[in-house]
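Colleague: Could you walk me through this structure, feature by feature? I would like the general idea each time, and then the case at hand.

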Amino acid sequence: MHLSAAWLLPSTGRFGGVLYAGPTVFRITQDAVETLAVTETYPYDTVAIAPGGSPAELSERAVGFHAGADVTWFVTKRLGVGATARYATAKTSVTIGGGSPFDLEAGGFQAGLGLRVRF
């Protein structure tokens, strides 16, 4: 979920744009293995690793930020084309089973193109 504060760029008639930024809340879910069964046999040059127990679902919420821009160029008075780009990121620390905590990162770059209609 993105909550944005936006700055509307001065319009030139055919061109319009918005810059925006704000906090982001990510909901992260992932199936994970809590324990592993490790089997070693002589001469100990290979190791067999298999999931042990039942899989667990990792579910976390992470708070981060986002920033982006959206631009529109109107071909006619009512019809135009637009592009948007946004970068969002968040990081949280998680633990699976009895293991050590590790950082889990969410987000990334997003971009899109589309038609715009002015009413």
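Modeller: We will go through confidence, the core, a pocket, a loop and two residues of one strand.

Colleague: Let's begin with confidence. What is the mean pLDDT of the chain?

Modeller: This is a predicted model, so confidence comes ahead of detail. Where pLDDT is low, the predicted coordinates should not be read in detail. Here the chain has a mean pLDDT of 88, with 97% of its residues at 70 or more.

Colleague: Which elements have the lowest and the highest mean pLDDT?

Modeller: Strand β3 has the lowest mean among the elements of the chain, at 86, while strand β1, residues 5-8, has the highest, at 96.

Colleague: Thanks. Now the interior: which residues make up the largest nonpolar core?

Modeller: The idea is to look for buried nonpolar residues joined through their side chains. In this model the largest such core has 9 residues: F26, I28, L58, A62, A88, A90, V94, L104 and A106. Strands β2 (15-40), β3 (47-74), β4 (79-94) and β5 each give two or more residues to this core. The most come from β4, which gives 3.

Colleague: Let me take one member at a time. Is A106 buried or exposed, and which residues does A106 touch?

Modeller: A106 is in strand β5, which spans residues 102-117. Its relative accessible area is 14%, and under 20% means buried, so A106 counts as buried. Leaving out residues up to four places away in sequence, A106 touches F26, I28, A88, T89 and A90. Of these contacts, F26, I28, A88 and A90 are fellow members of the core.

Colleague: How far is A106 from D31?

Modeller: They are 75 residues apart in sequence, and their C-alpha atoms are 15 Å apart in space.

Colleague: And what does I28 touch beyond its neighbours in sequence?

Modeller: With residues within four places set aside, I28 is in contact with L58, S59, E60, A62, L104 and A106. A106 therefore appears in the contacts of I28, just as I28 appears in those of A106, because contact here means heavy atoms within 4.5 Å.

Colleague: Why does V94 count as buried?

Modeller: V94 has 2% relative accessibility, so V94 falls under the 20% cut-off for buried. V94 is found in strand β4 and, beyond four places in sequence, touches L58, E60, S100, P101, F102 and L104. V94 and S59 are 35 residues apart along the sequence, with 9.4 Å between their C-alpha atoms.

Colleague: Next, empty space. Which residues line the largest pocket?

Modeller: Rolling a probe the size of a water molecule over the atoms shows where empty space is left. The largest pocket in this model has a volume of about 150 Å³. Its lining consists of L8, L9, S11, G13, F15, G16, G17, V18, D70, T72, F74 and R118. Strands β2 and β3 are the elements that give two or more residues to this lining, and the largest share, 4 residues, comes from β2.

Colleague: How many nonpolar, polar and charged residues are in that lining?

Modeller: The lining has 5 nonpolar, 5 polar and 2 charged residues.

Colleague: On to backbone geometry. Which two residues does a cis peptide bond join?

Modeller: For this, look at omega. A cis peptide bond joins Y42 and P43, with omega about 15°. P43 is found in the loop between β2 and β3. Y44 is found in that loop as well, and has a phi near 60°, a positive value in a residue other than glycine.

Colleague: Is Y44 buried or exposed?

Modeller: Exposed: Y44 has 55% relative accessibility, and the cut-off for exposed is over 50%.

Colleague: Finally, what does P23 touch, and what does V25 touch?

Modeller: Both lists leave out residues up to four places away in sequence. P23, in strand β2, touches M1, H2, L3, G64, F65 and H66. V25, also in β2, touches M1, A62 and V63. P23 is partly exposed, with a relative accessible area of 44%, and V25 is partly exposed at 33%. As for spacing, the C-alpha atoms of P23 and A5 are separated by 9.3 Å, and those of V25 and V63 by 4.6 Å.

Conventions
Residues numbered from 1 in each chain as written. Predicted model: local features only at pLDDT ≥ 70, side-chain atom pairs only at ≥ 80, totals over all residues. Heavy atoms only, no water. Buried < 20%, exposed > 50% of the residue type's maximum accessible area, 1.4 Å probe, protein only. Core = buried A, V, L, I, M, F, W, Y, C linked by side-chain atoms within 4.5 Å. 1 Å grid on protein atoms, 1.4 Å probe; cavity = no way out; pocket = protein on both sides within 12 Å on 5 of 7 lines; lining within 4 Å. Points joined across faces, edges and corners; volume = space filled by probe spheres on them. Nonpolar A, V, L, I, M, F, W, Y, C, P; charged D, E, K, R; others polar. pLDDT = per-residue confidence, 0-100.
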